[in-house]
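Q: Could you take me on a close look at one part of this structure? I would like to see what surrounds it.

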Amino acid sequence: MKFTKFIPVALALTLAAPAFAAASTSAVSEQQIDVPEFINITKKAGAVETASATFSDTYDAITLDAALSATFNVITNVPTDKVYLTATAKEDGGAVKSLGGAADASSLKIVFTNDDVTNGSPSGAITNALGNSPVLATNADAIAFVLTPVVTNDADSGMTAAPTGALASNVVTYSFTKAGKCDFAYTMGTTAIANTFDTHDTAGTYKATLSMTHAAP
């Protein structure tokens with residue numbers, strides 16, 4: 001009897017077409033680190049936040065015994081970041097923006113209002129005190145002072161240029177061009193701006209709140 005040997009089809013195909021992986025002489029693994037955006041805003045130590053006032057014999061000029069001041073430190077890793085400076089004071093029962101001055105923010109004015117008055121200064125008093133021609137009868141219980149800004153960049157941190165400031169709608173916007181660290185210092189004059197203080201301004205505690213924020217107000 002004659003026997004015929006059969007090879008299974010699958011095995012036959014394997015034997016007919018052997019496959020071998022090509023040799024590799026190198027390999028690459030791409031590593032990745034995701035660094036999130038970062039900003040930190042703090043008030044530096046040494047702020048002068050309280051002063052006492054004296055006035056002239058005719059009660060039409062006021063002088064503070066200390067120059068009020070505050071310095072904010074900003075650290076950011078976003079070269080095109082922005083921060084915003086605002087000031088608020090109480091007027092007619094609510095908080096009103098009380099910062100004004102030159103459009104390039106090189107010379108600012110800030111208004112304080114009488115916090116002991118139930119509703120604060122009358123409506124429009126802050127706007128009048130910030131204006132070019134203040135009227136005493138219109139800005140009762142609101143007193144304006146010059147606020148001088150000094151912006152100092154920390155070149156060692158990578159911030160080789162100080163951010164520029166622009167004032168619009170009672171808000172100063174500072175635009176960065178470099179990441180790093182920067183100080184924003186503000187010092188107030190010790191004498192009131194002309195025609196913002198007289199007997200219309202009653203005795204009490206006058207307040208203004210200066211704030212620097214990352215979110216646009």
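A: Let's start with Asn114, which touches Lys90, Gly120, Asp141, Thr202, Ala203, Gly204, Thr205 and Tyr206, leaving out residues up to four places away in sequence; contact here means heavy atoms within 4.5 Å. This is a predicted model, where local features need pLDDT of at least 70 and side-chain atom pairs pLDDT 80 or more, while totals for chains, interfaces and linings use all residues. Residues are numbered from 1 along each chain as its sequence is written, and side-chain values use heavy atoms, with hydrogens and water left out.

Asn114 lies in strand β8 (strands are DSSP runs of E, at least two residues, numbered from the N terminus). Asn114 has a relative accessible area of 0%, so it is buried (buried means under 20% relative accessible area, with a 1.4 Å probe and protein chains only). One of its neighbours, Thr202, has its backbone oxygen 3.0 Å from a polar atom of the Asn114 side chain.

Now stay with the strand that holds Asn114. Phe112 lies in β8 too, and Phe145 in strand β9, so their ring pair ties together parts that are 33 residues apart in sequence. Their ring centres are 5.9 Å apart with planes at 80 degrees, so the pair is edge-to-face (rings of Phe, Tyr and Trp, the last by its six-membered ring, pair if their centres lie within 6.5 Å, and planes over 60 degrees apart count as edge-to-face). Both rings belong to buried residues: Phe112 has 11% relative accessibility, and Phe145 has a relative accessible area of 4%.

Methods:
Helices (H or I, at least four residues) and strands (E, at least two) are DSSP runs, numbered from the N terminus. Buried means under 20% relative accessible area, exposed over 50%, partly exposed in between (1.4 Å probe, protein chains only). A polar contact is a pair of N or O atoms within 3.5 Å; within protein, one must be able to donate a hydrogen and the other to accept it, and residues adjacent in sequence count only if both atoms are side-chain atoms. Rings of Phe, Tyr and Trp (its six-membered ring) pair if their centres lie within 6.5 Å; planes under 30 degrees apart count as stacked, over 60 as edge-to-face and the rest as tilted.
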